Amino acid sequence: MRARATAPAKVILLGEHFVADGGTALACAIDARVSAEARPRAGGTVRIESRMGAAEAGTAPGDGDGAVPPALRPLLFAARESGAGGLELTVESPLTPGMGLGSSSACCVAAAGALLRLARGSEPPIKDALDLASRAERTAFPGASGVDAAACAHGGAMLYSAATGRRPVGAPGDGDPCSPRLVVAESSRAHSTAEAVARAGRFRDANPSEYSEMRSSAGKLASAGAHALASGDLAWLGWCMSENQALLARLGASNAELDALAEAGGGLSHGAKITGAGGGGCAVALADRGRAPRTARAFLKAGARRCFTARIDREGLEFP
Ligand code: MEV
């Protein structure tokens, strides 16, 4: 038997970093999907292959882990925890890792779906796959807020906080003239989420009252942005994104290259900012259909290494 599953990448529109510290974020899944396939393997070992490399280890925790690169360990954890026994797991992703688009969460969610489907012989509920993917992701980054995995598992747009969990947000459908386009620009550097979050933590510890005001402002922007998205008011949502970029720059999550991208992308669109942990990774601009190509050209002229236009993907984890 072969078990397949796919999951979308994500973009944080508003509120990253602050969400990892009790704040609220607005996030959405995008139509760039990761796929995973799990199949039984004779010999009682787990073999994993993805664009991050290939490795093999035993099915028991600790058995052969030293030979597994750190980037593959969350997938190894998920494979073992799924209870599927000896297996081969292949993960295919169109995403550049470390770009802030939820590549590792999307890989964990798709892998968890495929692994549980193999172990159970039937499609698992999304909540089971999300639980396994979140535990796998936290083996690499214990401070994860859960917003990335929730967006990849459920799809669509959502407000998210640790206290309330996921609150779905409606967004104009694709045929609607207010349907947003997300123009994504990759900078020259991949980032480490753990390092970027630690940097933000140092800012918080050195400036507690300023930080707490910034977190509250980011939460208000996320709530306002959710209303704007639901009502198709892209100008308002874009304004929220540009305001949020100023907060992220103060927090130390941006850098000169990302500032330049956000400025160039924001000029021709409704607004732009970094997305995800920052310190490298991507900038994203909110455009309407007509302005997306010009925004992409502005990003490339400002030095983006690669640029693509995405839509909100309403589908989360799927079993094709
Ligand atoms: C990463 O996409 C978003 C962060 O807020 C970390 C998290 O929420 O887990 C930086």
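This is a short working chat about the structure above.

Visitor: What kind of model is this, and how are the residues numbered?
Guide: The model is predicted, so to speak of local features pLDDT must be at least 70, side-chain atom pairs count only at pLDDT 80 or more, and totals for chains, interfaces and linings use all residues. Residues are numbered from 1 along each chain as its sequence is written, and side-chain values use heavy atoms, with hydrogens and water left out.

Visitor: Start with S1. Is S1 mostly covered or mostly open, and which residues does it span?
Guide: S1 covers residues 3-14, and 11 of its 12 residues are buried. Buried means under 20% relative accessible area, exposed means over 50%, and partly exposed is in between (1.4 Å probe, protein chains only). Strands here are DSSP runs of E with at least two residues, helices are runs of H or I with at least four, and both are numbered from the N terminus.

Visitor: What does S1 pair with?
Guide: S2, residues 25-40, in the antiparallel sense, through 11 bridges. Two strands pair if DSSP finds at least two bridges between them. One place to look is Lys10, which stands opposite Ala29 in S2.

Visitor: And the loop between S1 and S2, which residue there has a positive phi?
Guide: His17 sits in that loop. Its phi is positive, about 70°, although His17 is not a glycine. Most residues other than glycine have a negative phi. His17 counts as buried, at 9% relative accessibility.

Visitor: Which other strand does S2 pair with?
Guide: S6, antiparallel, over four bridges. Ala27 has Met158 in S6 as its bridge partner.

Visitor: How many residues of S6 are buried?
Guide: Five of five, across residues 157-161. Both faces are covered: Ala157, Leu159 and Ser161 on one side, Met158 and Tyr160 on the other.

Visitor: What comes after S6 in the pairing?
Guide: S7, residues 165-169, which pairs with S6 in the antiparallel sense over five bridges. A hairpin of three residues joins S6 to S7. Tyr160 has Arg166 in S7 as its bridge partner.

Visitor: New topic. What volume does the largest pocket have?
Guide: About 970 Å³. A pocket is an open set of points on a 1 Å grid over the protein atoms alone, where a 1.4 Å probe fits, with protein on both sides within 12 Å along at least five of seven lines; lining residues have an atom within 4 Å of a point. Grid points are joined across faces, edges and corners, and the volume is the space filled by probe spheres set on the points.

Visitor: Which lining residues lie nearest its centre?
Guide: Ser104, Glu137, Phe141, His191 and Thr193, out of 45 lining residues. The elements that give two or more residues to the lining are S1, H1 (73-82), H2 (103-120), H3 (126-140), H4 (147-154) and H5 (193-206). H2 gives the largest share, four residues.

Visitor: How does the lining split by class?
Guide: It has 24 nonpolar, 15 polar and six charged residues. Ala, Val, Leu, Ile, Met, Phe, Trp, Tyr, Cys and Pro count as nonpolar, Asp, Glu, Lys and Arg as charged, and the others, Gly among them, as polar.

Visitor: Which domains does the lining draw on?
Guide: Domain 1 (3-169) and domain 2 (181-310), with at least three residues from each. Those bounds come from an automatic or database domain assignment.

Visitor: Now salt bridges. How many?
Guide: The count is 25. The rule is a side-chain nitrogen of Lys or Arg within 4 Å of a carboxyl oxygen of Asp or Glu.

Visitor: Which parts of the chain does the Glu186 and Arg306 pair tie together?
Guide: Their closest N and O atoms are 2.8 Å apart. Glu186 lies in S8 (181-186) and Arg306 in S11 (306-310), so the pair ties together parts that are 120 residues apart in sequence. Glu186 is buried at 2% relative accessibility, and Arg306 is partly exposed at 35%.

Visitor: What about Arg39 and Glu88?
Guide: Their side chains meet in a salt bridge, 3.8 Å from N to O. Arg39 is in S2 and Glu88 in S5 (87-92), 49 residues apart. Arg39 is buried at 17%, and Glu88 is buried at 19%.

Visitor: Which network are they part of?
Guide: A network of salt bridges that links Arg2, Glu37, Arg39, Arg41, Arg47, Glu49, Glu56 and Glu88.
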